[in-house]
Amino acid sequence: MAGGDSDAGEILAPLVDLKAQYLSLRPRIDARVHKVLSEGRFVLGPEVEELEKALATFSGVRHAICVASGTDALKIALMAEGIGPGDAVFVPSFTFVATAEVVAGLGATPVFVDIDKKTFNIDPDDLCRCVEQVRRDGGLQARAVIAVDLFGLPTDYATINEIAGRYGLFVLADAAHSFGGSVLGYRVGGLAPVTATSFYPSKPLGCYGDGGCVLTDDDSRAKIIRSIHRHGFGSDGHSAIHVGVNSRLDTLQAAILLAKLEVFEDELKARERVAHYYGSELGSVVTVPSCPAGFSSAWAVYAILVRDRNSVREALAQAGAATAVYYSAPLHLHPAYASYGNGPGSLPVCERVSQRILSLPMHPYLDEATAGLICQTVIRALS
Ligand SMILES: *Cc1c(COP(=O)(O)O)cnc(C)c1O
């Protein structure tokens, strides 16, 4: 995962094991890659369209538009909505920097919101408080909310969509962690009007470089997004009808993703098994992630809350297990974003969580013996 501070060195249990995955999927990945190499259509080759169809089907929406990164997916979705100077966009402060960076980069104003202490996703009550504040202050127009499905758990979109409807906000889902997750059987991609996801290598569905995708069920939004990602061209491919960007997913990355998508359902089940194992072994000694009834996480990250984080990290490092801290500071305390926020103490839940959060190895190829060793090490370090 981008943006954490992770341990280097000799490790038996990496946070994410891309080597084990490649060894397991090698024949199908190699065949896909060699086909692209021999055909030579490296930009907008047939695999890109094939992948877009497969991703749309997988998530149960009409449109998937592949782009060059998850950050671009967020940015293009906001561009298509015409978000810019004078607009307030509400974002949880406990997220990767990309969520707020795209807002500020378009000249709009990120307004930081606190998180729910159980799910770590945006707190609906605090969202209402922040929107009311912006409306009282005047100056900015409350335009949009970016809900981040943190660590893979989908946001409670029923509640967020209802609040957004009340205040006239556009809802963008940052599903960089949650592609493959679902709520009441409905997959991420169709839970908000527009969803952005990332194919960064360590995300649940990762390619071998940068990549991302915008998902939507809305025909008119899809048309604008598709235009913007290719320089704003209209359907003739020559005349620019929007100010766009150049943000395409390479054919090679699409080919790799097609190979990985074939086993993605099985990988999600394997992640779920690891999460259940951790939960049953560690649930009585640390705070383990909670997954509300009807919600299904993609388990991009398995994060626990511990009081003595350093000693647990040290013990795990000695046992050969990697750990990381996502995120050591909420965004309103980062130097570049401090001026958008209200300083230390203003968003108490994310400030407290950032002090205690710790990520353990989580990937579909983690065997029970290794997971067992990790759990025993955590338990011993805390006893
Ligand atoms: C990784 C990530 C992104 C950005 O994805 P990239 O593909 O790395 O640009 C956006 N939001 C969150 C929450 C992320 O973790």
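Modeller: A residue counts as near a molecule if one of its heavy atoms lies within 4 Å of it. The model discussed here is predicted. Around its ligand there are 16 residues.

Biologist: Which of the residues around the ligand come nearest?

Modeller: Gly70, Thr71, His177, Ser198 and Lys203 come nearest.

Biologist: What makes the pairing of Ser198 with the ligand a polar contact?

Modeller: The cut-off for a pair of N or O atoms is 3.5 Å. A polar side-chain atom of Ser198 is 2.6 Å from an oxygen atom of the ligand, so this pair qualifies as a polar contact. For His177, a polar side-chain atom lies 2.7 Å from a ligand oxygen atom, and that pair therefore qualifies too. With Gly70, a polar backbone atom is 2.8 Å from an oxygen atom of the ligand, which again falls within 3.5 Å.

Biologist: How much of the ligand does the protein bury?

Modeller: The ligand taken alone exposes 380 Å², and the protein buries 96% of that.

Biologist: Which helices each supply at least two residues of the shell around the ligand?

Modeller: Helix H3 (70-80) and helix H4 (98-105) do so. By class, the shell holds six nonpolar, eight polar and two charged residues; Gly is counted among the polar ones.

Biologist: Why are H9 and H11 called oblique to each other?

Modeller: Helix H9 (residues 309-318) and helix H11 (residues 368-382) pack at about 140°, their axes 9 Å apart. Only angles over 145 degrees count as roughly antiparallel, and roughly perpendicular ends at 115. The angle of about 140° lies between those limits, so H9 and H11 are oblique. Their crossing is right-handed.

Biologist: How do you know that H1 is oblique to H8?

Modeller: Helix H1 (residues 18-39) packs against helix H8 (residues 251-282) at an angle of about 140°, with 9 Å between their axes. That angle makes H1 oblique to H8. H1 passes H8 in a right-handed crossing.

Biologist: What is the phi of Leu44?

Modeller: Phi of Leu44 is near 55°, a positive value in a residue other than glycine. Most residues other than glycine have a negative phi. Leu44 sits in the loop between H1 and helix H2 (46-59).

Biologist: Which residues does a cis peptide bond join?

Modeller: Tyr326 and Tyr327 are joined in this way, with omega about 5°. Most peptide bonds are trans. Tyr327 belongs to the loop between strand E13 (324-325) and helix H10 (348-356).

How values were computed: Residues numbered from 1 in each chain as written. Predicted model: local features only at pLDDT ≥ 70, side-chain atom pairs only at ≥ 80, totals over all residues. Heavy atoms only, no water. Polar contact = N/O pair within 3.5 Å; in protein donor to acceptor, adjacent residues only side chain to side chain. Areas by Shrake-Rupley, 256 points an atom, 1.4 Å probe, with all protein chains shown as cover. Helix = DSSP H or I, 4+ residues; strand = E, 2+ residues; numbered from the N terminus. Axes fitted to C-alpha atoms, helices over the stretch in contact; angles between N-to-C directions. Parallel < 35°, antiparallel > 145°, perpendicular 65-115°, else oblique. Left-handed = near helix turned anticlockwise from the far one by under 90°.
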